[in-house]
Amino acid sequence: MVDQTELLERLQEAQRCARILELNMSRRTIQAYLIACALNNEIHINNIGEALASGIANPGPLLLGAFEKTDLHQQGLQLLNT
């Protein structure tokens with residue numbers, strides 16, 4: 001999980017990349033992809049644009065990667081494995 005300062009920096013980079021890719025950032029799906037890129041700290045900040053473009057073509061891995069970073073997912077895993 002990323003702290004709030006890092007999250008803001010990563011979101012700003014994702015928005016910059018979305019503008020370059022000429023994406024409609026008012027769409028919910030695009031917003032979800034931007035957030036997913038920002039949340040997944042396994043994606044280096046310099047690779048967010050590449051991850052975003054790849055996520056648009058195949059969103060499953062991008063969204064799953066971000067979801068796996070959440071506390072809710074970790075709690076669910078603990079419950080499943082008990």
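# Helix packing and salt bridges

Me: Which residues in H2 do Leu 7, Arg 10, Leu 11, Ala 14, Gln 15 and Ala 18 in H1 meet?

Reply: Glad to start there, keeping in mind that this is a predicted model. On the H1 side, the contact involves Leu 7, Arg 10, Leu 11, Ala 14, Gln 15 and Ala 18. Their partners in H2 are Leu 34, Ile 35, Cys 37, Ala 38 and Leu 39.

Me: By class, how many nonpolar residues does the contact of H1 with H2 have?

Reply: Sorting the contact of H1 with H2 by class gives one polar residue and one charged residue. The remaining class in that contact is nonpolar, and its count is nine.

Me: At roughly what angle do the axes of H1 and H2 cross?

Reply: Helix H1 covers residues 4-20 and helix H2 covers residues 28-39. Their axes come within 8 Å and cross at roughly 135 degrees.

Me: Is H1 parallel, antiparallel, perpendicular or oblique to H2?

Reply: Angles over 145 degrees count as roughly antiparallel, and 65 to 115 as roughly perpendicular. H1 and H2 cross at roughly 135 degrees, so H1 is oblique to H2. The handedness is worth adding: the crossing of these oblique helices, H1 and H2, is right-handed.

Me: How far apart are the axes of H2 and helix H3?

Reply: Helix H3 spans residues 48-57 and packs with H2 at an angle of about 140 degrees. That makes H2 oblique to H3, and H2 passes H3 in a right-handed crossing. The distance between the axes of H2 and H3 is 10 Å.

Me: Which residues of H3 make the contact with H2?

Reply: From H2, the contact uses Ile 30, Tyr 33, Leu 34 and Cys 37. By class, the contact of H2 with H3 has eight nonpolar, one polar and no charged residues. The H3 side is made by Ile 48, Ala 51, Leu 52, Gly 55 and Ile 56.

Me: With which residue does Arg 16 form a salt bridge?

Reply: Side chains of opposite charge can pair when their charged atoms come close. Here the closest N and O atoms are 2.8 Å apart, and both residues lie in helix H1, three residues apart, about one turn of the helix. Arg 16 is partly exposed at 39% relative accessible area, whereas its partner counts as buried at 17%. That partner is Glu 13.

Me: How many residues apart in sequence are the parts that Lys 69 and Glu 42 tie together?

Reply: The side chains of Lys 69 and Glu 42 meet in a salt bridge of 2.7 Å, N to O. Lys 69 lies in the loop between helix H4 (59-67) and helix H5 (71-80), and Glu 42 in the loop between H2 and H3, so the pair ties together parts of the chain that are separated in sequence by 27 residues.

Me: Is Lys 69 buried or exposed?

Reply: Its salt-bridge partner Glu 42 is exposed, with a relative accessible area of 65%. For Lys 69 the relative accessible area is 19%. Under 20% is the cut-off for burial, so Lys 69 is buried.

Me: What is phi of Glu 22 near?

Reply: Most residues other than glycine have a negative phi. Glu 22, in the loop between H1 and H2, has a positive value. It counts as exposed at 72% relative accessibility. Phi of Glu 22 is near 55 degrees.

Me: Leaving aside neighbours within four places in sequence, which residues is Cys 17 in contact with?

Reply: Cys 17 is found in helix H1 and counts as buried at 7% relative accessibility. With its neighbours within four places in sequence set aside, Cys 17 is in contact with Ile 48, Gly 49 and Leu 52.

Note on methods: Residues numbered from 1 in each chain as written. Predicted model: local features only at pLDDT ≥ 70, side-chain atom pairs only at ≥ 80, totals over all residues. Heavy atoms only, no water. Axes fitted to C-alpha atoms, helices over the stretch in contact; angles between N-to-C directions. Helix = DSSP H or I, 4+ residues; strand = E, 2+ residues; numbered from the N terminus. Parallel < 35°, antiparallel > 145°, perpendicular 65-115°, else oblique. Left-handed = near helix turned anticlockwise from the far one by under 90°. Contact = heavy atoms within 4.5 Å. Nonpolar A, V, L, I, M, F, W, Y, C, P; charged D, E, K, R; others polar. Salt bridge = Lys/Arg side-chain N within 4 Å of Asp/Glu carboxyl O. Buried < 20%, exposed > 50% of the residue type's maximum accessible area, 1.4 Å probe, protein only.
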